[in-house]
Amino acid sequence: MRKTKMMLLGVLLATAGAVSAAPATVSTSGIQKYELKEFIADFTHFNIGDAVPEMYRTEEYNIKQWQLRNLPAPDAGSHWTYMGGNYVLITDADGKILKVYDGEIFYHR
């Protein structure tokens with residue numbers, strides 16, 4: 001009986017650990033409604049392909065915890081930044097805009 005209880009406890013602990021250790025993934029279904037083709041930040045109109053001002057390319061604006069904001073993983077050579085209430089995926093090399101999501105994506109469930 002004691003062995004059975006210990007095994008059951010072990011299984012429960014293992015399952016609880018697996019659930020909490022599961023990586024956060026963002027389902028691409030449903031987040032398209034937040035995708036933008038253009039936006040305004042700092043009184044300037046931006047489109048996909050435009051370069052962002054240098055300020056938004058600094059480490060201070062680099063979003064490392066993109067999963068917590070329900071954003072898809074950045075492609076190699078790019079990172080997420082925040083501009084005018086929007087999440088903007090830009091290239092590391094020249095700051096060109098690759099993708100934009102409305103800031104409301106943060107609340108997507």
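1. Start with strands 5 and 6. Strand 5 covers residues 86-91 and strand 6 covers residues 97-102, and the two run antiparallel to each other, joined over 5 bridges. If you want one pair to look for on screen, pick Asn-86, whose bridge partner in strand 6 is Asp-102. Keep in mind while you look that this is a predicted model.

2. Now turn to the pairing of strand 5 with strand 4. Strand 4 and strand 5 are also antiparallel, this time over 6 bridges. Here a handy pair is Trp-80 and its bridge partner in strand 5, Leu-89. The two strands form a hairpin with 2 residues between them, and in that hairpin Gly-84 has a positive phi near 55 degrees.

3. Put those pieces together and you get the sheet. It is an open one of 4 strands, in the order 1-6-5-4, with antiparallel pairing. The edges are strand 1 (35-36) and strand 4 (78-83), each of which pairs on one side only. As a reminder of what holds such an arrangement together, strands of a sheet pair through backbone hydrogen bonds, either parallel or antiparallel.

4. Is strand 4 mostly enclosed or left open by the rest of the structure? It is largely enclosed, because 5 of its 6 residues are buried, which here means under 20% relative accessible area. So don't let the word "edge" mislead you: strand 4 pairs on one side only, yet most of its residues are buried.

5. On to the charged side chains. How many salt bridges does the structure hold? There are 3. In general, side chains of opposite charge can pair when their charged atoms come close.

6. One of them links Glu-35 and Lys-37, with the closest N and O atoms 3.8 Å apart. The cut-off for a salt bridge is 4 Å, so this pair, at 3.8 Å, falls within it. Glu-35 is partly exposed at 28% relative accessible area, whereas Lys-37 is exposed at 59%.

7. Another joins the side chains of Glu-54 and Arg-57, at 3.3 Å from N to O. Glu-54 is the exposed partner, with a relative accessible area of 53%, while Arg-57 is partly exposed at 26%.

8. Then there is Lys-64 with Glu-59, where the closest N and O atoms are 1.9 Å apart. Both Lys-64 and Glu-59 are exposed. When you check this pair by eye, remember that the coordinates come from a predicted model.

Notes
Residues numbered from 1 in each chain as written. Predicted model: local features only at pLDDT ≥ 70, side-chain atom pairs only at ≥ 80, totals over all residues. Heavy atoms only, no water. Pairing = 2+ DSSP bridges. Buried < 20%, exposed > 50% of the residue type's maximum accessible area, 1.4 Å probe, protein only.
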